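With the model open in your viewer, please switch on side chains and follow the selections below in order.

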Amino acid sequence: MSDFTVSTGLPVLEPVAAAARHRAGALLVDVRGLPNRAANGTIPGAVVVDRTRLAELFTGAEPLAARDREIVVICGGEGGSGEVGRRLVGLGFPNVSHVRGAFPAWRDAGLPVDAPSGGGSA
């Protein structure tokens, strides 16, 4: 199930739907900072990207995403992932959504999370 958030204009996915899209081939982009990932764990198969360096992920000799590939953004909070999603659309990626409730909702839904490495804060 997805709908559009008024504040971002982007589709927002429930965590289970986002995980299903990722399994089906969508690129899951985790833009949480290192302290958040260290304290709370990582998502297997997600590509970690610094939100200030998004363009680098999609340029170069071997870009991770074709312009039409589905991209699902997850952050530590829904507002952050929506903002990153809008920036990706601005970079020319039209098929971008983000996760309702962000990483806490992903974890609370019982979806895969690798153990925290320790250190950092949420």
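Begin by selecting glutamate 83 and arginine 87, which in this predicted model form a salt bridge whose closest N and O atoms are 3.5 Å apart. Both residues sit in helix H4, and because they are four residues apart there, about one helical turn separates them. Arginine 87, at 32% relative accessibility, counts as partly exposed, and glutamate 83, at 28%, is likewise classed as partly exposed.

Keep glutamate 83 selected and add arginine 51, since the side chains of these two residues also meet in a salt bridge, with an N to O distance of 3.6 Å. Glutamate 83 belongs to helix H4 (residues 78–90), whereas arginine 51 lies in the loop between strand S4 (47–48) and helix H3 (54–57), so this pair ties together parts that are 32 residues apart in sequence. Arginine 51 has a relative accessibility of 24% and therefore counts as partly exposed. With the three residues displayed together, you can trace one network, in which Arg51, Glu83 and Arg87 are joined by salt bridges that share partners.

Next, move to glutamate 14 and arginine 100, where a further salt bridge brings the closest N and O atoms to 2.5 Å from each other. This pair links distant parts of the chain, 86 residues apart: glutamate 14 is in the loop between strand S2 (11–13) and helix H1 (15–23), and arginine 100 is in the loop between strand S6 (96–99) and helix H5 (102–108). Glutamate 14 is partly exposed at 28% relative accessibility, as is arginine 100 at 27%.

The pairs visited here are among the six salt bridges counted in the model.

Technical notes:
Residues numbered from 1 in each chain as written. Predicted model: local features only at pLDDT ≥ 70, side-chain atom pairs only at ≥ 80, totals over all residues. Heavy atoms only, no water. Salt bridge = Lys/Arg side-chain N within 4 Å of Asp/Glu carboxyl O. Helix = DSSP H or I, 4+ residues; strand = E, 2+ residues; numbered from the N terminus. Buried < 20%, exposed > 50% of the residue type's maximum accessible area, 1.4 Å probe, protein only.
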